[in-house]
Amino acid sequence: MTKVYGTGTYDFHRHRVAEYPLAEPKAGERSQKGGGGGSLQSTVTVFEIQRDRLTKIAESNWLKTDEKKKDFDPELVVKIYETELLVKEGQGNKLVPLQRVMILEVSQYLENYLWPHFDPLSATFEHVMSIIIMVNEKFRENVAAWVCFHDRKDVFKEFLERVVRLKEGRELNIAEKTNYLVFNLKV
């Protein structure tokens, strides 16, 4: 019998093109069924967020509480990028891990740490790329992505200039190219 495309139920749980793939759960991990998409873990529970090391880093560096926060550390941005957001050669998955980005988004990494401390003259590649990844995540989650940029409109133009020059003198890996392209489509 001939297959007719465009009929039947639509799988609303699958990810869109050029976005982060959902990691296959390891043996023994909880999984969530997505209608027809197989078993994929696509959510992060409150418990997982609370006990995650990124949440501990956020609490001591940028989450708004009554406690005094540490001063901005550009090396922390580099460390988070290299350990949580950078896809290294030889990894089977070629895109940024969705759950790590989701935890950074929940902790307001962009609004409370990356953007307030962005200096167009001294910001590292990792700082600019982290902002790009976090803005892409806001669009993926369908939340207001540009709101945090309103308080520093003068710096936003310089940020975009840094984005345009981001590839100068550096070879981007496939995940970085994908995020760079998706960001440029949003601007």
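1. Burial. Buried residues account for 40% of the 187 residues in the protein. The model is a predicted one, so please read every value below as computed from that prediction.

2. Secondary structure. The protein has eight helices and two strands. Along the sequence the order is β-β-α-α-α-α-α-α-α-α. Both strands thus precede the helices in that pattern.

3. Nonpolar core. The largest nonpolar core holds 43 residues. Y109, L110, I131, I132 and F159 have the most contacts inside it. Several helices supply at least two residues each: α2 (53–61), α3 (74–85), α4 (98–106), α5 (109–114), α6 (125–140), α7 and α8 (174–186). Helix α6 gives the largest share of this core, eight residues.

4. Salt bridges, overall. The count comes to seven salt bridges. Points 5 to 8 take up some of them.

5. K138 and E111. These two residues form a salt bridge, with the closest N and O atoms 2.4 Å apart. K138 belongs to helix α6 and E111 to helix α5, so the pair ties together parts that are 27 residues apart in sequence. Is K138 buried or exposed? K138 counts as buried, because its relative accessibility is 4% and the cut-off for buried is under 20%. E111 is partly exposed, at 21%.

6. E137 and R140. Their side chains meet in a salt bridge at 2.9 Å, N to O. Both residues sit in helix α6, three residues apart, so about one helical turn separates them. E137 has 0% relative accessibility and therefore counts as buried. R140, at 21%, counts as partly exposed.

7. E171 and K177. A salt bridge joins these side chains as well, with an N to O distance of 3.5 Å. E171 is exposed, with a relative accessible area of 65%. K177 is partly exposed, with a relative accessible area of 40%.

8. A network. Which residues are linked in a network of salt bridges? They are D52, R53, E84 and R100.

9. Negative patch. D119, D154, E158 and E161 form a negative surface patch. One of these, E161, lies in helix α7, residues 153–164. E161 has 37% relative accessibility, so it counts as partly exposed. That value also meets the requirement for patch membership, because patches take residues with over 30% relative accessible area and no salt bridge.

10. Backbone at Q108. Most residues other than glycine have a negative phi. Q108 departs from this: its phi is positive, near 60 degrees, and it is not a glycine. Where does Q108 lie? Q108 is in the loop between α4 and α5. Its relative accessible area is 37%, so Q108 is partly exposed.

11. Backbone at N142. N142 also has a positive phi, about 60 degrees, although it is not a glycine. N142 is found in the loop between α6 and α7. With 69% relative accessibility, N142 counts as exposed.

12. Helix α6 in review. Helix α6 recurs through these points. It contributes eight residues to the largest nonpolar core. It carries K138, whose partner E111 lies in helix α5. It also holds both E137 and R140. The loop between α6 and α7 contains N142.

Terms used:
Residues numbered from 1 in each chain as written. Predicted model: local features only at pLDDT ≥ 70, side-chain atom pairs only at ≥ 80, totals over all residues. Heavy atoms only, no water. Patch = residues over 30% accessible without salt bridge, like charges linked within 9 Å, V, L, I, M, F, W, Y side chains within 5 Å. Areas by Shrake-Rupley, 256 points an atom, 1.4 Å probe, with all protein chains shown as cover. Salt bridge = Lys/Arg side-chain N within 4 Å of Asp/Glu carboxyl O. Lys, Arg positive; Asp, Glu negative; His and termini not counted. Charge placed at Lys NZ, Arg CZ, Asp CG, Glu CD. Helix = DSSP H or I, 4+ residues; strand = E, 2+ residues; numbered from the N terminus. Buried < 20%, exposed > 50% of the residue type's maximum accessible area, 1.4 Å probe, protein only. Core = buried A, V, L, I, M, F, W, Y, C linked by side-chain atoms within 4.5 Å.
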